[in-house]
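This briefing is meant for a reader who is meeting the structure for the first time. Please keep the sequence and the model in view while reading the points that follow.

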2 protein chains.
Amino acid sequence: MAKVLTSKAENYSQWYNDLVSKADLAENSAVRGCMVIKPYGYAIWEKMQAQLDKMFKDTGHVNAYFPLFIPKSFFSKEAAHVDGFAKECAVVTHYRLMNDPDGKGVVVDPDAKLEEELIIRPTSETIIWSTYKNWIQSYRDLPILCNQWANVVRWEMRTRMFLRTTEFLWQEGHTAHETAEEALAETTQMINVYASFAEDFMAIPVIKGAKSANERFAGALETYTIEALMQDGKALQSGTSHFLGQNFAKAFDVQFANRDGKLDYVWASSWGVSTRLIGALIMAHSDDNGLVLPPKLAPYQVVIVPIYKNDEQLAEISVKADEIVAKLKARGISVKYDNRDSQRPGWKFAEYELKGVPVRLAIGPRDLENGSIEVARRDTLEKSIEQLENIDQFVADLLDKIQENIYNKAFQFREENTTKVDSYDQFKDLLVTKGGFFLAHWDGTVETELKIKEETKATIRCIPFDGAKEEGKCMVTGKPSSQRVIFALAY
Amino acid sequence: MAKVLTSKAENYSQWYNDLVSKADLAENSAVRGCMVIKPYGYAIWEKMQAQLDKMFKDTGHVNAYFPLFIPKSFFSKEAAHVDGFAKECAVVTHYRLMNDPDGKGVVVDPDAKLEEELIIRPTSETIIWSTYKNWIQSYRDLPILCNQWANVVRWEMRTRMFLRTTEFLWQEGHTAHETAEEALAETTQMINVYASFAEDFMAIPVIKGAKSANERFAGALETYTIEALMQDGKALQSGTSHFLGQNFAKAFDVQFANRDGKLDYVWASSWGVSTRLIGALIMAHSDDNGLVLPPKLAPYQVVIVPIYKNDEQLAEISVKADEIVAKLKARGISVKYDNRDSQRPGWKFAEYELKGVPVRLAIGPRDLENGSIEVARRDTLEKSIEQLENIDQFVADLLDKIQENIYNKAFQFREENTTKVDSYDQFKDLLVTKGGFFLAHWDGTVETELKIKEETKATIRCIPFDGAKEEGKCMVTGKPSSQRVIFALAY
């Protein structure tokens with residue numbers, strides 16, 4: 001079968017776009033910057049949602065739903081927040097269309113102008129904290145641990161499917177606490193939840209750390225992040241958790257009677273991951289044949305393809321295939337038996353490779369005679385002949401191995417593409433020739449950070465939590481530094 | 001404890017609002033007509049979603065996601081559709097805010113005006129059929145069976161929480177078929193799915209039928225509906241499924257090569273239910289003490305309240321309570337052990353009555369001695385003392401009984417409030433004095449339908465599918481009719 005994808009080596013960006021399209025994950029819509037998430041892509045999102053939602057609930061959170069619209073005036077209440085988001089908002093100004101008096105379609109009814117414009121939420125801190133004001137009187141009302149699954153809109157000028165789209169789907173947690181310590185503990189807990197999800201389910205190793213002041217969320221005192229390395233050597237910020245201090249409580253006047261009976265402002269966190277994670281999943285693992293999906297997030301973990309020459313053979317194979325399907329399902333393994341006669345086995349093999357199904361089973365008349373079955377792994381593309389008996393156990397074990405192997409491969413890649421640098425010249429050189437994560441000393445100033453960004457486009461991805469304290473000198477200014485930080489080019 | 005709700009008899013509408021608010025289901029937001037769905041209300045929606053999603057997938061559907069925004073011009077493409085929806089749309093005209101030059105907050109940036117305005121989806125037929133055009137070339141691409149869980153916006157002038165809000169959450173199925181027969185079969189299948197969900201899970205009996213031409217969805221050839229009767233004698237349309245013919249395929253030029261190799265327009269259905277169902281759930285079952293939730297949709301099915309005088313007693317009770325919790329959870333029953341010492345048992349009893357928890361267990365020191373436990377049913381408010389041994393089996397059986405009883409009660413109510421009428425005077429009289437569903441003959445014309453609506457505010461809820469064919473005369477005009485239809489005042 002002809003290659004359907006541009007190769008990664010040839011054009012990484014085109015490879016990504018081809019893959020998103022050919023694997024039926026998503027496509028551009030009629031609305032600039034907005035994508036249609038197709039059923040196969042959405043099925044991955046549903047798997048992600050289900051697992052994340054469980055992890056949120058296991059850590060005591062509940063879901064709720066807040067309005068899509070935010071009154072314009074709310075944006076003025078938190079100074080940093082308005083600067084961070086006001087430039088990229090969809091604004092609703094009218095609430096009615098009417099027939100064009102000239103008879104050409106419909107036009108906006110000028111009489112239906114809103115008194116105050118409504119902003120489509122780019123994030124919900126403002127509308128949620130205006131609501132929390134009514135929910136919180138005393139420390140007995142705290143903590144509030146709400147999450148919301150929702151769509152948000154940020155008017156991006158340059159968009160790429162999943163990575164940066166005008167509308168995207170996400171979850172946003174918004175919590176309210178008695179003390180700074182509690183809010184910080186929540187902020188930390190949630191970045192740990194995201195890291196576990198990325199590593200254990202997406203099979204992507206991530207570095208946890210704090211953002212530099214310059215890269216923080218608009219309105220946050222601290223932003224924690226998980227940073228993943230893509231196969232082209234660029235970083236992808238995959239999830240963030242913010243310690244908001246009392247900023248939003250002050251902006252919306254949310255005070256509570258504390259245990260001493262005194263009024264105090266409430267402490268806040270917020271945290272989110274989005275459909276961007278699907279972009280991370282694609283870019284971390286996939287190859288020139290298509291998607292490589294970790295078994296824990298694959299819509300189908302196993303596909304069975306019958307190899308037959310006539311209806312009689314197909315009937316015999318189907319009896320055995322149905323048995324295998326039943327056994328796999330009993331183990332909680334999702335499986336598809338593709339007995340369509342409109343396509344040949346070779347076409348199906350390529351199709352499921354493209355779609356990243358972790359395990360492919362092929363079974364023909366000779367296999368029935370021999371009690372055997374062909375097993376192909378998507379991650380290594382290895383094939384082997386296995387015994388039909390206990391194939392369910394074999395597949396269950398293999399799925400675990402694939403999950404582990406995909407993670408290890410990504411981990412190995414990151415290790416090989418993480419470089420300690422001590423000179424700015426070396427950094428500039430390797431950033432272009434090698435890429436990846438760079439561990440370097442930085443003097444802690446915004447000036448130096450911006451200078452590096454301007455000269456190289458690289459940004460500080462994070463100040464890693466588990467980076468060893470190490471005295472050193474900033475690679476640019478030579479001023480003292482107590483810890484290496486991570487630089488990279490980023491999506 | 002003082003009554004927290006206005007009684008139904010006193011003021012049904014106020015009772016409803018009180019209940020939504022006091023049971024922590026939802027509240028009005030800072031944005032006109034938009035509600036905040038609070039965690040307890042959202043938990044009910046999550047239960048509904050999970051079950052409906054399973055039913056959709058069991059009938060072969062997949063989920064996808066389409067843009068929130070619809071280009072204004074799309075609305076002009078289907079003539080009936082634009083008339084039905086254009087009057088109630090939120091319109092995005094700009095994509096940026098800027099600091100007010102006068103220094104007062106933020107204003108819309110006049111330079112950031114969109115060339116073509118974007119409409120927030122009131123329903124997604126247009127954007128979806130513009131997408132399907134790319135997905136469909138041949139009959140081999142059919143059927144397409146997509147569903148979307150999403151928020152939609154209809155600019156309602158008079159809103160009520162859950163029943164009619166500017167923004168609401170829903171699912172919308174959009175299917176594409178080779179033939180009219182297939183699309184009609186899908187339309188029928190989905191109204192049956194909705195009816196099963198309403199009856200088996202919501203414990204609400206519904207009448208399935210077709211809408212009169214005048215009440216059809218804008219752009220549909222047939223609209224099927226499930227109609228439920230609320231306790232105030234008004235009908236609530238609870239779900240609809242539309243046969244769209246080839247209208248949207250023609251509007252968006254979606255043709256396919258059929259089995260004869262000829263080009264034909266694709267046939268369509270669409271179907272949806274929304275957070276309005278929560279309004280139905282509240283109004284169908286609840287009483288002056290609060291919510292009455294069917295066990296299958298209750299966020300907690302069981303609550304356990306300890307009755308104790310000191311910490312030692314609480315510790316002993318908690319050992320037993322933990323055992324019960326474990327046993328109930330093993331049976332898949334959701335249970336909350338409320339051992340908070342900040343509230344008294346009486347307060348907790350009232351709280352869980354208000355919130356409609358189906359079964360309340362209370363356990364004190366004497367129960368421990370006697371091996372007994374107090375069981376209270378929310379639906380009948382009956383209490384009994386049961387043996388602690390095998391209490392999990394008892395509760396499991398009781399939950400089934402409650403589910404059945406709630407349904408039977410609602411069914412009985414509907415039976416008692418469904419009246420056959422043959423004279424218009426009698427109809428007008430009983431509509432006011434009794435309410436409920438009225439089975440009456442109608443001559444099938446829009447004129448008569450509108451006359452009745454104008455004079456009485458009653459509408460034809462549906463032409464029931466299983467209404468016996470019966471010759472008769474229209475109650476208004478005396479013209480011939482072949483079947484009674486259902487009239488009612490409606491939400």
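Leaving aside neighbours within four places in sequence, Gly371(A) is in contact with Gln387(A), Leu388(A) and Glu389(A), where contact means that the C-beta atoms of two residues, placed from the backbone, lie within 7 Å. The model is a predicted one, in which local features need pLDDT of at least 70 and side-chain atom pairs count only at pLDDT 80 or more, while totals for chains, interfaces and linings use all residues. Residues are numbered from 1 along each chain as its sequence is written, and chains are lettered from A and ligands numbered from 1 in the order in which they are written.

**Two loop residues of chain A**

- Gly371(A) sits in the loop between helix H10 (365–370) and strand S20 (372–377) of chain A; helices (H or I, at least four residues) and strands (E, at least two) are DSSP runs, numbered from the N terminus.
- Although 17 residues separate Gly371(A) from Leu388(A) in sequence, their C-alpha atoms are 5.3 Å apart in space.
- Gly371(A) is exposed, with 12 other C-beta atoms within 10 Å; a residue is called buried if 20 or more other C-beta atoms lie within 10 Å of its own, exposed if 12 or fewer, and partly exposed in between, with C-beta atoms placed from the backbone.
- Arg331(A), found in the loop between helix H8 (311–330) and strand S18 (335–337) of chain A, is likewise exposed, with 12 other C-beta atoms within 10 Å.
- Not counting residues up to four places away in sequence, Arg331(A) touches Asp392(A) and Ala396(A), and Ala396(A) is 65 residues from Arg331(A) in sequence but 7.9 Å away in space, C-alpha to C-alpha.

**Domains and nonpolar core**

- Chain A is divided into domain 1 (12–285), domain 2 (300–398) and domain 3 (418–488), with bounds that come from an automatic or database domain assignment.
- Taken over C-alpha atoms, the centres of domain 1 and domain 2 of chain A are 41 Å apart.
- The largest nonpolar core, a set of buried Ala, Val, Leu, Ile, Met, Phe, Trp, Tyr and Cys residues joined through C-beta atoms within 7 Å, has 295 residues, and Met202(A) is among those with the most contacts inside it.
- Beyond its neighbours within four places in sequence, Met202(A) has contacts that include Phe197(A), Leu277(A) and Pro294(A).

**How the two chains meet**

- A turn of 180 degrees with a shift of 0.0 Å along the axis lays chain A on chain B with an RMSD of 0.0 Å, the superposition being by least squares on the C-alpha atoms of residues with pLDDT of at least 70 in both copies.
- The two copies are therefore related as by a two-fold rotation axis, and Val92(A) is the residue of chain A that comes closest to this axis, at 2.1 Å (C-alpha).
- The contact takes 51 residues from chain A and 52 residues from chain B, and strand S5 (residues 91–94) gives the most to the side of chain A that touches chain B, with four residues.
- S5(A) pairs with strand S5 (residues 91–94) of chain B in the antiparallel sense over three bridges, pairing being called when DSSP finds at least two bridges between two strands, and Val92(A) has Val92(B) as its bridge partner.

**A strand group in chain B**

- Strand S26 (residues 480–488) of chain B runs antiparallel to strand S23 (residues 437–441) of chain B and is joined to it by four bridges, with Phe487(B) as the bridge partner of Phe438(B).
- S26(B) also pairs in the antiparallel sense, over three bridges, with strand S24 (residues 459–464) of chain B, where Ile460(B) stands opposite Phe487(B).
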